Amino acid sequence: MIATSQQAGVSMPVTDPETGAHVGEVPRHATKDAVAALDRAFNARADMAALPIHARADILETAADRLVAKAEAAANLIAREGVKTITEARGEVRRAAEVLRLSAQAARTQAGSIIAFDQDPNGIDRTGWAAPMPIGVVLGITPFNDPLNLVAHKLGPAVAAGCPMILKPHEATPLSALLLVELLKDGLPHGAIEVLTGHGADLVPPLLADDRIRMVSFTGGLTTGRKIAEAAGLTRLVMELGSNCATLVMADADLDLAAASCVSGAIAASGQNCLHVQRIIAQKEVYADLRDRLTAGFDAVRVRPKLDETSQMGCMIDTSAAARVQGFVDAAVTGGGHVLSGGQRDGVHVAPTLIETVDDTDPLHRDEVFGPVTVLSVVQDFDHAIARANAAPFGLQGAIFTHDLAQARTAIDRLDVGAVMINDSTDYRLDAMPFGGTRQSGLGREGVACAVAAMSEPKVACFRW
């Protein structure tokens, strides 16, 4: 089921990015291991497709129950190998179990459609349907920031759709993925889930070059996504590539709610989150009041060791990531930005940082910072707010705080994003909802039902009587 260290021949350590402590060992797989994994997954196609719907659903439900039973151990593992606090990690475990249950539900409710062949005169003596069939081998590539739940978002739909999957978790956080696979594998055919641990540069290119990979489900950065798209050829792609999310705060907003929601959305996973509240755009009438509330909120964030029950924010995934984020802050200050809170770095920790009066050309308005840095800016009116929000090249999610229903409805229409949150920050996702964005935020939609549909192809049956 899982490629072993004996197959790889070489192991690599997994360490806690905060302390450097040893967390575990995993194989460092090479190109030959990737090819062997694809051979096994390809050979599992027929057995996976033949697995009855009730069996797929039962496997997923059982895995969800097992995960709940091991919830504290799973949360501890997420926190130790990754960037989340123990409290955040517990929430991720809960969500991952729910994703598996949603996948079981999606398996049970897969349905085709009756085709009205008599809509054309030459079809009067015909009847039939279109039914979903598994697309084949899926390559799932996951990032470090949600090392369990985003793996569940790949594996759960694949099992529901009847597709073998080759899973490539991020090299920094593979242990959570391996834990989930162990909970899920019972009852699945040999080769149904193959896990490759190691560096993507060694493992992904030979898979993308092979026509037996029929779909790639990738969550990660824009640069890597473009390389995958260039190499994938005719392979189906579903890619979530991050964002630079904007939250609008209008003159009639509930400022207590807006400030609390934005602070929470700015620090989740230390800002290493595609839904991170990177830009807050406030109407001039409430700007000063909101700025004071946000500054107090950022100042009050408790940055403590990840396993401390009182900690509200953890660390960056490594020192280079922390240095990159600090570079954003330093460049903004050099360009005239004013730090309202934070602005410092200590090793892998970047303080929750709020900056105002950043020039419109600054990268914080355009690029994804992927760290706990938020820029606050003022606008004159609603139209100006919409234009500023859409100025970034990404479009994953947007948000607006307002009590004006017509204004909210207009924002839904005019924000060029995949989802709009009303009276909530951009950092909200229901695992059941369609999830994805416009422009450089990616291709296609995730969310369990959408993922199952993407991993399926309709086959038509036509009877002539």
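**Figure 1. Arg126 and its salt bridge to Asp125.** In this predicted model, Arg126 is partly exposed at a relative accessible area of 26% (buried is under 20%, exposed over 50%, partly exposed in between; 1.4 Å probe, protein chains only). Its neighbour in the view, Asp125, is also partly exposed, at 27%. Their side chains meet in a salt bridge of 3.1 Å, N to O (a side-chain nitrogen of Lys or Arg within 4 Å of a carboxyl oxygen of Asp or Glu). Elsewhere, shared salt-bridge partners tie Asp58, Glu61, Asp65, Arg101 and Arg108 into one network.

**Figure 2. A salt bridge between Lys84 and Glu92.** The two side chains come to 2.8 Å, N to O. Lys84 is buried at 9% relative accessibility, and Glu92 is buried at 2%.

**Figure 3. Arg212 reaches Asp39 of helix α2.** This salt bridge, 2.8 Å from N to O, links distant parts of the chain, 173 residues apart: Arg212 sits in the loop between α9 (200-208) and β8 (213-219), Asp39 in α2. Both are partly exposed, Arg212 at 22% and Asp39 at 32%.

**Figure 4. Ser341 in strand β12.** Ser341 belongs to residues 338-341 (strands are DSSP E runs of at least two residues, helices H or I runs of at least four, numbered from the N terminus). Ser341 is buried at 4% relative accessibility, and its side chain makes a 2.6 Å polar contact with that of Asp299 (N or O atoms within 3.5 Å, one able to donate a hydrogen and the other to accept it; residues adjacent in sequence count only if both atoms are side-chain atoms).

**Notes.** Residues are numbered from 1 along each chain as its sequence is written. Local features need pLDDT of at least 70 and side-chain atom pairs 80 or more, totals for chains, interfaces and linings use all residues, and side-chain values use heavy atoms, without hydrogens and water.
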